[in-house]
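Biologist: I should like to learn how the features of a structural model are read, one at a time. Could we work through an example together?

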Amino acid sequence: MADIKLTDLTKSYGPTEVLHHIEGDINDGEFIVIVGPSGCGKSTLLRMVAGLETVSSGEIQIGGKRVNELEPSARDIAMVFQNYALYPHMSVRENMAYGLKIRKLSKAEINRRVEEAADILEIREYLDRKPRQLSGGQRQRVAMGRAIVRDPQVFLFDEPLSNLDAKLRVQMRLEIRKLQQRLGVTSIYVTHDQVEAMTLGDRLMVLNGGYVEQFGTPIELYDRPASVFVAGFIGSPAMNFVPATSDNGVATLPNDAQVSTSLGGHSGSVLIGLRPEHLIPDDAGAISIDVEMVEQLGANTLLHGTLSGTDHAMVASVAGHVTADGDSQHRFRIAPDLVHLFDLQTEKRLAI
Amino acid sequence: MVENRPLANFITHLVLVLGVIAIALPIWITFVAATHDEIRMAQAPLPLWPGNQLWINLKQTLFGTGLSGTETAPVWLMLFNSLSMALMISLGKIAISLLSAFAIVYFKFPFRMTCFWMIFITLMLPVEVRILPTFEVVANLGMLNSYWGLSIPLIASATATFMFRQVFLTVPDEMLESARIDGAGPMRFFWDILLPLSRTNIAALFVILFIFGWNQYLWPLLITTDTSMTTIVMSIKQMLEAAEQSPQWNIIMTTALLAMIPPIFVVISMQKLFVQGLTETDK
């Protein structure tokens, strides 16, 4: 068990800096998810913690000890790879025991640990099979078993579920979460899937273009996104953005509709963010949408269209079944404290 | 692709049968010749069915002093020489190519690509091209008439290095990373992960290189003068022109038959691995 401290961490390949001044404190036993679109540097960051990539500047501490110069095996970490990286010529048992064998543990101790991990993951009956005889989900378990037997201070997961089918992914997601809570090992998990991120993480680090956009609990990220990027990334369907002018608690939309906000004492151009699920149908509401397409999802209905009188795309998510044909106008209201305001230039959240 | 067209079937089978005959008939004649005595073999027409002299011919060929009227080494010694040479060449080639490919793929050192291309360029320098300077070097090192002299100059292999490089490049990077996290050092990774993963490729290469080594003719001819170092492939040719008398076909053909056995044994015993090594892509 250990905490992890990232201080002013950067990574450059030649003159190109791909990670910029990453700061982050991860507490003992916490489950941290690093999330972002592809190419944002999230895997690089994880690999730096693992010791598979060098650190260009800054410092990584695990358990209060600087590990920048340590070999991966000396950092007391275990990693689960996206393609599992199981050794194909070794049986499941040998795969799990390999690291322990190198650390020269006694045969009895190795057996005890392998069988304990196999019991936790319910893979005891596959112990003598080769990886190619296993299904994707079983390989995934073996990869986790290999991490567990090492009894490390930190688990690192590099998109471990992206090779599984959708149903199995949901099931394994729950299992990973339960396992981590049971073992209480500090974990860092990289994914591009925001649902996975929201459900797994105690806290989420949202990366974009090598910068940390926001680092907080899933609910903080949902309720108070720090930037337009986070607001658009977290939540599905994505938040609607419309430029507006804000004047002391009232925002005027491009079609002159007025929406009250909870941001007093501010005036100027802003970007206004409205979550589709916060738009409530109300015939007297200020926001009017020309609906062009309807998606029935069963539990709720998505209405796609544009803000009336403009061509700003809007989506509203309405509970239950709504029968609406294309080309109809619907009106919505929204609670003032659910209206998000962002600076038009910096795209940062305006403080509320 | 399963079609039933009698004419096409007939033609394809005809081609196959002709191919088999073209390859198998000479071997059959060799075998038949090895089962008759010298007198029968000197008469026309050539026998097409086996005689009863195989055992006597084998004994005379393996342990006798070769053809009557010449002083050559017994054939069992030649077989042993050939086997030693072929094994040293093929195992030496595999060991050196594995290590150099490992260095080129997994280590970053200055002039890495230069080294690779230097190795690669030696493809253009087979032993026949550099035979005089190589002979000079081997002679100066005092390796004439020795197993070292027979095998060492043929061991360096660009083809095998290149092949292992391609094999190593298909091993996912995560395998190395995973081994690093497990605490395996470079040589440990090489032994525990890389070698087992290249097993089928090594076997396939061994088959090819063994036959290459076994069939060496020019180089052994050049550097062995002592009859006790003669290889079997050399000796077949020498037997044909030995002495003034007519060739003793029964002995020559028995020798040829014996010379075929080890390569055939290698191919058959490693056939499964050989095919896997050439076709398997899943790592």
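Modeller: Let us begin with two parts of one chain. Domain 1 of chain A and domain 2 of chain A bury about 620 Å² between them, and carbon and sulfur atoms account for 61% of that area. Please keep in mind that this is a predicted model.

Biologist: Where do the domains of chain A begin and end, and how far apart do their C-alpha centres lie?

Modeller: The assignment places domain 1 of chain A at residues 4-231 and domain 2 of chain A at residues 237-343. Their C-alpha centres lie 39 Å apart. The contact involves 8 residues from domain 1 of chain A and 8 residues from domain 2 of chain A.

Biologist: Which three residues supply the most of the area that domain 1 of chain A buries against domain 2 of chain A?

Modeller: They are A:Tyr222, A:Val228 and A:Ala231, which supply 79% of the area on that side. As for charges and hydrogen-bonding atoms, the rule finds 0 salt bridges across this domain interface, and 2 residue pairs in polar contact. The elements that give two or more residues to the side of domain 1 of chain A are α7 (218-223) and α8 (228-233) of chain A. Of these, α7(A) gives the most, with 3 residues. By class, this side has 6 nonpolar, 1 polar and 1 charged residues.

Biologist: How should one read the size of an interface between two chains?

Modeller: The size of an interface is often expressed as the accessible area lost when the parts come together. Here the area buried between chain B and chain A is about 1800 Å², with 59% of it from carbon and sulfur atoms. The contact draws 17 residues from chain B and 23 residues from chain A. In chain B, the residues that lose the most area to chain A are B:Arg180, B:Ile181 and B:Asp182, together 39% of what that side buries.

Biologist: Which elements of chain B each supply at least two residues of the side that touches chain A?

Modeller: First, the polar part of this interface: the rule finds 11 residue pairs in polar contact between chain B and chain A. The elements in question are α9 (173-182) and α10 (186-197) of chain B. The largest share, 8 residues, comes from α9(B). The residues on the side of chain B divide into 8 nonpolar, 2 polar and 7 charged.

Biologist: What is the general idea behind a salt bridge, and how many are counted between chain B and chain A?

Modeller: Side chains of opposite charge can pair when their charged atoms come close. The count between chain B and chain A is 3 salt bridges, while the structure holds 22 over all chains. One of those between the chains pairs A:Glu71 with B:Arg180, at 3.6 Å from N to O. Another is formed by B:Glu177 and A:Arg47, whose closest N and O atoms are 2.7 Å apart. This pair joins two chains, because B:Glu177 lies in helix α9 of chain B and A:Arg47 in helix α1 (residues 42-50) of chain A.

Biologist: Are B:Glu177 and A:Arg47 buried or exposed?

Modeller: Both B:Glu177 and A:Arg47 are buried.

Biologist: How does one read a salt bridge within a helix?

Modeller: An α-helix has 3.6 residues a turn, so residues three or four places apart point the same way. In this model, A:Glu109 forms a salt bridge with A:Arg113, with the closest N and O atoms 3.1 Å apart. The two are separated by about one helical turn, because they stand 4 residues apart in helix α3 (residues 107-121) of chain A. A:Glu109 is partly exposed, with a relative accessible area of 25%.

Biologist: Which parts of chain A does the salt bridge between A:Arg141 and A:Glu175 tie together?

Modeller: The closest N and O atoms of A:Arg141 and A:Glu175 are 3.1 Å apart. A:Arg141 lies in helix α4 (residues 136-149) of chain A and A:Glu175 in helix α5 (residues 166-183) of chain A, so the pair ties together parts that are 34 residues apart in sequence. A:Arg141 is buried, with a relative accessible area of 14%, whereas A:Glu175 is partly exposed at 23%. Salt bridges that share partners also join A:Arg93, A:Glu115, A:Asp119, A:Arg124 and A:Asp128 into one network.

Conventions: Residues numbered from 1 in each chain as written. Chains lettered and ligands numbered in written order. Predicted model: local features only at pLDDT ≥ 70, side-chain atom pairs only at ≥ 80, totals over all residues. Heavy atoms only, no water. Domains from an automatic or database assignment. Contact = heavy atoms within 4.5 Å. Buried area = accessible area lost by both parts, 1.4 Å probe. Salt bridge = Lys/Arg side-chain N within 4 Å of Asp/Glu carboxyl O. Polar contact = N/O pair within 3.5 Å; in protein donor to acceptor, adjacent residues only side chain to side chain. Nonpolar A, V, L, I, M, F, W, Y, C, P; charged D, E, K, R; others polar. Buried < 20%, exposed > 50% of the residue type's maximum accessible area, 1.4 Å probe, protein only.
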